[in-house]
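Hi,

Here is the structure I said I would pass on. Have a look at it first, and then read on for what turned up.

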Amino acid sequence: MKKIFSIIVISLFCLTAFAQNGFVKGFVYDASNGDALMFANVIVENTRLGSSTDINGYFVINKVPKGKQTIKISSLGFADTTIQIDVIPNQPINLKIELTPQSKTLNIVEISAAKDIARQESRVSVEQVTAMDIQKMPSIGGQADLAQYIQVLPGVVFSGDQGGQLYIRGGSAIQNKVLLDGMVIYNPFHSIGLFSVFETDVIRNADIYTGGFNARYGGRLSSIMDITTREGNKKEVSGKLSLSTFGASAIVEGPIIADKDNRDYSLSYLFTAKNSYLSHTSSSIYKYMDTELPYDFLDLYGKVTLATQSGTKASVFGFNFTDDVKGYKNIADFNWRNSGLGANVIIVPQNSSSIVQAVLAYSDYSMEMNQADKNSNQTSSIGSFNGSLDATQFFGKNLLRYGVDMMWNTTDTKFEQQTESYKQYTSDIGLYMIFKGFLGNFLYEPSMRVSYYASASEVVFEPRLSLKYNITDCFRLKAAVGKYSQSFIDTKSDRDIVNLFTGYLTTDVNLPGGVVSSYRGEDVTNYIEKSNHFIFGFEWDMFSHLSLNMEGYYKTMSNLIAINRDRLYDNDREHSSYPDHLKKNFAVEEGYAYGGDVSLKYSNGRLYVWAIYSLGKVEKTSETRTYAPHYDRRHNVNVLVSYQVGMARDWEFSARWNYGSGFPFTATAGFGEVLDFGGGIGSDYISSSGELTTLYGELNAKRLPSYHRLDISVKKRFDLARHSILEIEASVTNVYNRNNMFYYDRITAQRVDQLPIMPSLGMTYKF
């Protein structure tokens, strides 16, 4: 670690030489709507100097020689632009560049941009997803959605068409952190696992980390989904209306104060609405199904942005997401509500190459599940306030990033083992620093995070490191290691028939029913969950349009707090001499996960093919047993194909095939009668009738059948006017009507399957 920070100090010292030259910075925008352009190439002609824009369209080029220079800007789908500048040492040049969209794009631009980003970013276990990427998926129900795309990513396991649970490289669902414009979102996926709460067309960028993420992100063990939405159209009013057999959506955006050359600022708005009416169409259009699909949701999102010509901007955004499942198979009612309000600010100092970002947000999330078979009611709510302040300083290709983030939570949860709800007030604070530097072809990115968890009064140091070595322009090695922690714990029971409920609790020695004080003969001194990641892989641009990415990973997990399956007695004075694992509600577990992902991608403009194979294994060890959790899927395969036809590429065919080996489950060993001895020693146990109860077999010793499904879609675009487009799309989900198992009803001994074949038709009008 001392060597790493010595390198940082030396690098920063050497960077002072940059002051002898000038530097150029600025933003690149879409001239048609004022939206920031990500990953645009900005180069100084006749030099080796250049940069790529970030998700805000921002770029910095240091060490630019003094005198007259030519800046060339290029981006996929836009006409190239050149700008003449006069560089004066120690005087920054601030540029605002607008690129004009063009219908014909040279493939060489796409290839050059992709290679440049691959060489300059570590990109270990991360996928950068845009709305254009999501549109390549078969649009189930006429709507392309982030939830459908994430299911394709390497290392990701989805619970299926129904349930909407996401598991990444051996981690449980509560170990995933989702950010929307910097705000924490607690449930991004609807109960019908085909849709997220996000409207695809307003997503600017989504960084999906499946492991090895740097110190900017904390509070979760497994993964990060950092989603950024774009601002509203700064030039003119525009929008989209969609209607399908699954649901409907709408987008309206435009300027309140238009972006003009003679004006120093602009003010724009963006509003989206998306809903599902499957509960109605499943009983009319899909009459052949043996049951209705009781899935309804309504998602509302709005954003107002004030932007200046210099790139400094401030946004205020709010949302209200709802999800309702009513009487699924007469087993459970489940609903949740998530609303929030937040603001983020980006400040670009005029005489510096730095950029400062700040976020302040509040959200309120609540859920409830009623299970008829258990006559139980489970509820959970969390009010969450989070804020962050972040600064990035650029030094040529190198950068230094540092910041602080804070979170205050109020949780109120009642789950199956409780008769009353349990309230908590907690706060977490994190400080972090990241340095990215280059030594020739070697990229190194050490980072450090210090997290303080007030609920456990514990400080956790989390060093992390990402590395990349560019052996050639086409072949690159990469690796990442790091420590991670979180205070949220899992209250999900693996024995729930419909496994939708996740109650929110944080680590606390005073948890209801108690938490064990020892694990396998050793005292438990803290209760913060922790994990170590070890990742190694390579990227290979095999040919001009074909690339291969491979990664292997190993993950350890400790101090995992979980519902205690071994509990037999009440945690009271009568049983005070009994071991903790026989009487406490919460137990401590350890675990590990390992595996690998292979991703092969081909893209030549018209044809896009992406094939992924993931191999994984995860095991956990409790006080009494070692077992595979219910999301341990050993093999997962995804193949995605998209092809555009016609001179104008106005026809598009898409297909996706997924295969997943069976999930573990606990078989039913039999049924027994349980007598109520409420009357004590005088109870009539001879003639009284008991209550029928289920006897379970060995924990997760069996496997469900494998899952596989083919989805296809065809889309036709009609260009009605300059800014008016009509798209008609037909799709089929589960083309060959595979009977994929959802769950097995222990009481009725009936098998319940996932979605059957479901054709759909949708129409979208953009203006």
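**Strands E26, E27 and E32**

In E32, His533 is the bridge partner of Gly482. That pair is a handy place to start, and please keep in mind that this is a predicted model. Gly482 and His533 belong to a longer run of pairing: E27 and strand E32 (residues 529-541) are joined by twelve bridges and run antiparallel.

E27 has a second partner too. Strand E26 (residues 458-470) pairs with strand E27 (residues 475-486), again in the antiparallel sense, over seven bridges. Here Tyr469 stands opposite Leu477 in E27, and a hairpin of four residues takes the chain from E26 to E27.

**The chain as a whole**

Zooming out, you will find 47 strands and five helices in the chain. There are 767 residues, and 56% of them count as buried. The accessible surface is about 31900 Å², with 56% of that belonging to carbon and sulfur atoms. As for contacts between residues at least 6 apart in sequence, 65% join residues at least 24 apart.

**What sits inside**

In soluble globular proteins, nonpolar side chains tend to be buried together. In this model the largest nonpolar core has 98 residues, and Ile150 and Phe586 are the ones with the most contacts inside it. The element that gives the most to this core is strand E33 (residues 546-563), with five residues. Another core lies apart from it, with 18 residues, including Val28, Val42, Phe59 and Leu95.

Phe586 is worth clicking on. Leaving out residues up to four places away in sequence, Phe586 touches Phe415, Ile489, Leu505, Leu511, Pro512, Gly514, Val515, Val516, Ile561, Ala562, Ile563 and Asn564.

**Charged pairs**

Side chains of opposite charge can pair when their charged atoms come close. Counting a side-chain nitrogen of Lys or Arg within 4 Å of a carboxyl oxygen of Asp or Glu, there are 39 salt bridges.

One of them is between the side chains of Asp259 and Lys96, at 3.3 Å from N to O. This pair links distant parts of the chain, 163 residues apart: Lys96 is in strand E7 (residues 93-99), while Asp259 is in the loop between strand E16 (247-257) and strand E17 (265-277).

Are these two buried or exposed? Asp259 counts as buried because its relative accessibility is 11%, and the cut-off for buried is under 20%. Lys96 has 30% relative accessibility, so it counts as partly exposed, a class that runs from there up to 50%.

Next, look at Lys715 and Glu652, whose side chains meet in a salt bridge of 3.9 Å, N to O. This is also a link between distant parts of the chain, with Lys715 in strand E43 (residues 707-721), Glu652 in strand E38 (residues 651-660), and the two positions 63 residues apart. Lys715 and Glu652 are both buried.

Lys234 and Glu231 form a salt bridge as well, with their closest N and O atoms 3.5 Å apart. Both Lys234 and Glu231 are buried.

Finally, some salt bridges share partners: Arg123, Arg169, Lys468, Arg476, Lys478, Glu539, Asp541, Glu551 and Asp597 are joined into one network in this way.

Over to you!

Notes: Residues numbered from 1 in each chain as written. Predicted model: local features only at pLDDT ≥ 70, side-chain atom pairs only at ≥ 80, totals over all residues. Heavy atoms only, no water. Buried < 20%, exposed > 50% of the residue type's maximum accessible area, 1.4 Å probe, protein only. Contact = heavy atoms within 4.5 Å. Areas by Shrake-Rupley, 256 points an atom, 1.4 Å probe, with all protein chains shown as cover. Pairing = 2+ DSSP bridges. Core = buried A, V, L, I, M, F, W, Y, C linked by side-chain atoms within 4.5 Å.
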